[in-house]
Amino acid sequence: MKALVYHGPGMKAWEEHAKPVVIAPSDAIVRVTRTTICGTDLHILKGDLPSCTPGRILGHEGVGVIESVGAAVTAFKAGDHVLISCVTACSKCEYCRRGMFSHCTTGGWILGNTIDGTQAEFVRIPHADTSLYPIPPGADEEALVMLSDILPTGFECGVLNGKVQPGGTVAIIGAGPIGLAALLTAQFYSPGEIIMIDLDDNRLAVAARFGATQTVNSTDGHAVEAVLGLTGGKGVDTAIEAVGLPATFEMCEEIIAPGGVIANIGVHGVKVALHLERLWDRNISITTRLVDTVSTPMLLAVVAARRIDPTLLITHRFTFDHIVEAYDTFANAAATKALKVLIEA
Ligand SMILES: [Zn+2]
Ligand SMILES: [Zn+2]
């Protein structure tokens with residue numbers, strides 16, 4: 001089969017690779033019909049994630065059709081259409097029993113990280129019964145690719161952890177796919193204001209179409225003053241960090257209102273200053289989370305009911321043999337206006 005293989009920082013190739021086979025009885029082999037590229041894949045290619053070693057097939061998002069299953073798989077059979085979760089869950093370990101699938105002792109985020117991923121014609125899914133979701137007949141499979149990672153991530157790490165409330169004020173820093181996923185799912189709770197902050201006017205225009213009530217371009221370095229101005233000097237009840245840089249996290253510390261929550265989503269590679277000299281008496285909380293994908297069944301129902309349309313996030317489409325071009329398009333988002341790039345078999 002063909003697969004997108006990581007060969008060390010800055011190096012990848014769409015090349016011939018051995019087709020995966022069932023190793024454990026709980027495995028399934030899935031023929032990937034649609035996948036996409038994540039900002040995390042770009043982090044890996046920069047060399048930011050040493051857990052992903054050269055020779056690894058990248059990718060942790062996608063939908064497909066079951067090719068074969070191990071003897072212990074009971075929920076799925078060959079021919080079933082499935083959504084692949086970015087997080088693998090055994091459902092039996094201490095963390096899984098607490099609903100913290102991201103820290104599953106034999107799973108978590110392993111696809112395209114410590115085991116081969118979904119940017120390939122076939123992928124092996126461990127703990128298949130509890131790591132795949134059935135796709136109902138007639139569902140829009142393009143939309144469901146957005147449910148492998150970005151929608152549950154924006155919702156769980158940003159909206160749920162950030163305690164978004166009806167009538168509350170929310171700021172989302174970073175209008176990339178994850179920030180926009182938080183924006184779409186924050187609206188489940190009818191917040192009064194959703195202020196979107198980014199450096200890119202195109203992304204801010206998209207955010208306004210997706211329901212942001214205010215947009216702030218932070219290029220001039222005065223985003224904090226702008227947010228305070230929009231909130232009567234109080235700041236916001238929920239500040240969602242969807243970038244992963246010290247400057248954007250520290251912006252959250254400056255715009256959080258008393259009693260508010262800073263909900264971090266971003267992948268941080270370097271240390272960030274925590275200004276307790278200003279925050280110690282503000283009654284705030286700071287949360288971090290790796291997506292658990294516990295909200296996936298709910299999000300599947302919401303998408304099936306057409307209450308949100310994740311296909312709005314798809315800006316470009318490629319076939320597998322053009323996946324390297326898809327990476328170039330996704331990596332140069334400022335010029336290409338890319339949000340999510342869909343890659344089809
Ligand atoms: Zn991802
Ligand atoms: Zn587990």
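This is a short chat about a predicted model, its two domains and one of its strands.

Visitor: What should I know before reading the model?
Guide: Because the model is predicted, local features need pLDDT of at least 70 and side-chain atom pairs count only at pLDDT 80 or more, while totals for chains, interfaces and linings use all residues. Residues are numbered from 1 along each chain as its sequence is written, and chains are lettered from A and ligands numbered from 1 in the order in which they are written.

Visitor: How is the protein chain divided?
Guide: Domain 1 covers 2–149 + 292–344 and domain 2 covers 152–287, with bounds that come from an automatic or database domain assignment.

Visitor: And how many residues are in contact there?
Guide: 19 residues of domain 1 are in contact with 14 residues of domain 2, where contact requires C-beta atoms, placed from the backbone, to lie within 7 Å.

Visitor: New topic: is strand β3 enclosed or open?
Guide: Strand β3 (residues 28–36) has seven of its nine residues buried, so it is largely enclosed by the rest of the structure; buried requires 20 or more other C-beta atoms within 10 Å of a residue's own, with C-beta atoms placed from the backbone. Strands are DSSP runs of E, at least two residues, numbered from the N terminus.

Visitor: Which strand pairs with β3 over seven bridges?
Guide: That is β4 (residues 62–69), in the antiparallel sense, and pairing requires that DSSP finds at least two bridges between two strands. Arg34 has Val63 as its bridge partner in β4, and Arg34 also stands opposite Glu344 in β15.

Notes:
Two residues are in contact if their C-beta atoms, placed from the backbone, lie within 7 Å. A residue is buried if 20 or more other C-beta atoms lie within 10 Å of its own, exposed if 12 or fewer, and partly exposed in between; C-beta atoms are placed from the backbone. Helices (H or I, at least four residues) and strands (E, at least two) are DSSP runs, numbered from the N terminus.
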